[in-house]
Amino acid sequence: MCVRMGSYSSEYSDLPWGVPQGSILGPLLFSIYILPFGDICRELGVHVHLYADDCQLYLPLNTSGGLSISILTNCLTEIMTWTSGNFRSLNDQKTEAILFAPSRHSDSSLTDCGSFNGQLSASVTNLGVKLDSALSFDTHINGVISSSFFHLRRLSKIKSFLSRHDLETVVHAFIAVRLDYCNSVLFGVSKRSIARLQMVQNAAARFLEGRRKYDHIPPVLAALHWLPVDVRIRFKILLLVFKTLNGLAPPYLVSLLQPHTPARSLRSENLMLLSVPRTRLKTRGDRAFAVAAPKLWNELPLSIRASTSVAVFKARLETYFYDRSFNLSNQFLLFYLKRSVHSLCFLSVSCDTMFLFLDIMFYVFT
């Protein structure tokens with residue numbers, strides 16, 4: 001083992017065990033090391049997701065199974081046996097448990113959680129996203145709003161020392177990144193929650209452009225080319241769909257999307273549409289990626305769905321959402337008409353009636 005930087009290298013040293021932190025082979029060797037972890041979970045029928053050293057175990061419950069998590073507790077027992085036999089240990093301080101249930105079954109006492117009955121949390125953190133049992137994401141949104149306004153207040157103290165370009169860079173780094181991080185999970189949350197996040201974006205736009213608190217915000221967002229919060233959520237989901245359909249996403253996302261196959265030969269079979277599964281629960285089932293993603297995808301024009309690369313898709317999708325968000329297809333024109341020295345007239349009309357309006361004004365004032 002050695003440390004190398006550019007053309008310089010340290011002396012080689014033998015490493016009989018372990019993996020140096022930050023090494024190139026670290027992630028690969030760690031993945032190989034914990035391969036038995038996934039085998040244990042699959043043998044017991046427990047779903048598992050791994051991201052580096054973070055692990056999520058989840059088990060669907062139903063009334064036919066007695067609403068018991070005994071399978072999950074057995075899996076944890078096997079995992080603890082494996083870790084202790086391989087000189088590892090679970091971090092009890094960072095281990096959390098949460099129960100997701102429909103509102104009518106929100107009482108955790110109805111579910112046999114075994115040793116976890118007294119350890120269930122109202123919310124848990126998974127890769128920086130705070131999940132609550134009702135999937136309202138209120139705790140996560142509160143954290144994003146609090147952190148964003150905190151950084152806006154701090155940035156206001158150094159605004160006068162920064163150039164316009166540097167100020168835009170730090171606003172993106174401290175505010176926009178927080179609004180966009182894992183925002184696809186916010187699809188279908190309440191309009192009130194989206195409005196609160198939109199307030200953060202509006203405040204950041206006014207701060208960057210030096211506007212007052214009550215200035216009209218859509219023109220400011222349009223000038224900055226910032227899509228509204230709810231549109232950015234749909235943008236992220238559609239980008240995931242495009243990557244999934246083009247082999248750029250994990251297999252578990254690929255399995256959630258199925259192409260639309262009509263019962264008989266129709267023109268729609270060549271439109272690159274996706275099949276939309278039926279759901280029983282509107283507030284939760286319709287928010288699932290397998291349902292929401294095909295719906296949003298099928299609403300796009302064929303020219304966007306048929307994009308040849310990620311870069312082309314993102315550019316076309318951004319233009320499409322930008323036009324829809326700021327009504328560029330139906331611009332409003334302001335005409336200034338002067339009838340006399342002391343008389344001014346301001347009229348606002350749509351493009352559709354512009355020519356009729358001009359004909360009438362020509363007749364009146366001539």
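Two exercises with worked solutions follow, both on the predicted model shown above.

Residues are numbered from 1 along each chain as its sequence is written. In this predicted model, local features need pLDDT of at least 70 and side-chain atom pairs count only at pLDDT 80 or more, while totals for chains, interfaces and linings use all residues, and side-chain values use heavy atoms, with hydrogens and water left out.

**Exercise 1.** Work out which residues of helix 11 are buried, and what covers them.

*Solution.* Begin with the whole chain, which has 14 helices and eight strands (DSSP runs numbered from the N terminus, H or I of at least four residues for helices and E of at least two for strands). Of its 366 residues, 29% are buried, where buried means under 20% relative accessible area with a 1.4 Å probe, protein chains only. Next, turn to helix 11, residues 289-298, which is largely enclosed by the rest of the structure because eight of its 10 residues are buried. These are Phe289, Ala290, Val291, Ala292, Ala293, Pro294, Leu296 and Trp297. Finally, look at the cover, which includes helix 8 (229-245), helix 9 (251-254), helix 10 (282-285), helix 12 (302-305) and helix 13 (310-325).

**Exercise 2.** Find which element gives the largest share of the nonpolar patch, and where leucine 25 lies.

*Solution.* First, list the members: Val19, Leu25, Leu28, Leu29, Ile32 and Leu35 form this surface patch (residues with over 30% relative accessible area and no salt bridge, nonpolar side chains, namely Val, Leu, Ile, Met, Phe, Trp and Tyr, being joined within 5 Å, and like charges within 9 Å; a salt bridge is a side-chain nitrogen of Lys or Arg within 4 Å of a carboxyl oxygen of Asp or Glu). Together they have about 550 Å² of accessible area, by the Shrake-Rupley method with a 1.4 Å probe. Then assign the elements: helix 1 (residues 26-33) supplies the largest share, three residues, whereas leucine 25 sits in the loop between strand 2 (8-9) and helix 1.

Technical notes: Buried < 20%, exposed > 50% of the residue type's maximum accessible area, 1.4 Å probe, protein only. Contact = heavy atoms within 4.5 Å.
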